[in-house]
Amino acid sequence: MERWRELEELRKKMAAIPARGTAAATRMPRAAESRHATLAVPPALAELLPDGGLAKGSVVAYAGARSLLAGLLAAATEDGGHAAVVGMPRFGLLAAVEMGAELARIAVIADPGPDPVEIASVLLDGLDLVVLGLGNRAVPPSRSRVIAARARTAGATLVVADGHWPDPGLRLESRVCEYSGLGAGHGRLRSLSLDVGVRARTGRQRRGRIDLCPNADRVEWVARGRAATEMHGRLAPEMRGRLAPEISARARDTAS
């Protein structure tokens, strides 16, 4: 009974969310619409995705650096969507804010109890993006199909990490492959690079490099092919000559 009350309380809170909550409980399934709609993602990542974004109503399995998840939250909420982070008590919300996330549009359920999948499934009814940490759990196929059907009906995107989800619509992975700004034991971290892999159910795997670079008061996502050029353009004139050989070498490596 206590668990039932908690779920009912979550449903009531979702109904109060602006823009989607009230209609979410009563709207008809819109799977056909979802097939043609995508959730906003950082432009540098969109270049690697089959549909130029994460399909609404889909389930995405993710493994790797949390920076990419922060970017997904930032893009979705900056575009006006609502999101939730479930079962990730150490998630870096500050990093998401530095990428442009709107905290007022993000719900955090750090401790969802013994069944985080059930909590995430309820949230799908009222939000655009739900990021779920499975805590090294493996979700059985029978249950994953039910949750995937619920995501399609609601037109929401579920991103699962830290566990096993059978047959997702898309698999994303990333790893930090490079840092810049740190010297031999000194200096400040200026940017980092992610090696990102994308695999859909059909088609070949796509890979690319994305640099997370500071620009004024926020962190921008830049595809590696453009990162060196854009960073060079932001440097003071007296610094460009010093870094020109390094930038040219990086451009040659990218071309090769």
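## A walk through the predicted model

In this predicted model, residues 21-35 keep a pLDDT under 50 throughout, and the model gives this stretch 21 contacts beyond four places in sequence. Residues 226-256 also have a pLDDT below 50, with 22 contacts beyond near neighbours in sequence. Where pLDDT is low, the predicted coordinates should not be read in detail, so please treat those contacts with care. For the protein as a whole, the average pLDDT is 82, and 78% of the residues score at least 70.

**The nonpolar cores**

Let us turn to the interior. The largest nonpolar core comprises 41 residues, and those with the most contacts inside it are Leu 54, Leu 69, Leu 72, Leu 129, Val 159 and Leu 172. Helix α5, covering residues 66-78, is the biggest contributor to this core, supplying seven residues. Which residues does Leu 69 touch, once its neighbours within four places in sequence are left aside? Its contacts are Tyr 62, Met 88, Phe 91, Val 131, Val 159 and Ala 161. Another core, of 27 residues, lies apart from the largest one; among its members are Leu 123, Leu 158, Val 160 and Trp 165.

**Helix α7**

Leu 123, a member of that other core, also belongs to helix α7, where Pro 116, Val 117, Ile 119, Ala 120, Ser 121, Val 122 and Leu 123 are buried. Helix α7 spans residues 116-123, and because seven of its eight residues are buried, the helix is largely enclosed by the rest of the structure. Glu 118 of this helix is partly exposed, with a relative accessible area of 23%, and its side chain meets that of Arg 143 in a salt bridge. This pair links distant parts of the chain, since Arg 143 sits in helix α8 (residues 141-154), 25 residues away from Glu 118 in helix α7.

**Salt bridges**

Side chains of opposite charge can pair when their charged atoms come close. Across the whole structure, a search finds 11 salt bridges. Three of them are set out here.

| Salt bridge | N to O distance |
|---|---|
| Asp 162 and Arg 66 | 2.9 Å |
| Arg 143 and Glu 118 | 3.5 Å |
| Asp 195 and Arg 207 | 3.0 Å |

In the pair of Asp 162 and Arg 66, the acidic partner lies in the loop between β7 (157-161) and β8 while Arg 66 lies in helix α5, so the bridge ties together parts that are 96 residues apart in sequence. Asp 162 is partly exposed at 32% relative accessibility, and Arg 66 is partly exposed too, at 34%.

Is Asp 195 buried or exposed? Asp 195 is buried, with a relative accessible area of 11%, whereas its partner Arg 207 is partly exposed, at 41%. Asp 195 belongs to strand β9 (residues 187-200) and Arg 207 to strand β10 (residues 206-215), 12 residues apart. Both take part in a network of salt bridges that also includes Glu 173 and Arg 175.

**A nonpolar patch on the surface**

On the outside, Val 176, Tyr 179, Leu 182 and Leu 189 make a nonpolar surface patch of about 380 Å². Strand β8, residues 170-182, gives the most to this patch, with three residues. Val 176 is found in strand β8, and its relative accessibility of 31% makes it partly exposed.

Note on methods. Residues are numbered from 1 along each chain as its sequence is written. This is a predicted model: local features need pLDDT of at least 70, side-chain atom pairs count only at pLDDT 80 or more; totals for chains, interfaces and linings use all residues. Side-chain values use heavy atoms; hydrogens and water are left out. Buried means under 20% relative accessible area, exposed over 50%, partly exposed in between (1.4 Å probe, protein chains only). Helices (H or I, at least four residues) and strands (E, at least two) are DSSP runs, numbered from the N terminus. pLDDT is the predictor's confidence in each residue, from 0 to 100. Contact means heavy atoms within 4.5 Å. Patches are made of residues with over 30% relative accessible area and no salt bridge: like charges are joined within 9 Å, nonpolar side chains (Val, Leu, Ile, Met, Phe, Trp, Tyr) within 5 Å. Accessible areas come from the Shrake-Rupley method with a 1.4 Å probe; for residues, only the protein chains shown count as cover. A salt bridge is a side-chain nitrogen of Lys or Arg within 4 Å of a carboxyl oxygen of Asp or Glu. A nonpolar core is a set of buried Ala, Val, Leu, Ile, Met, Phe, Trp, Tyr and Cys residues joined through side-chain atoms within 4.5 Å.
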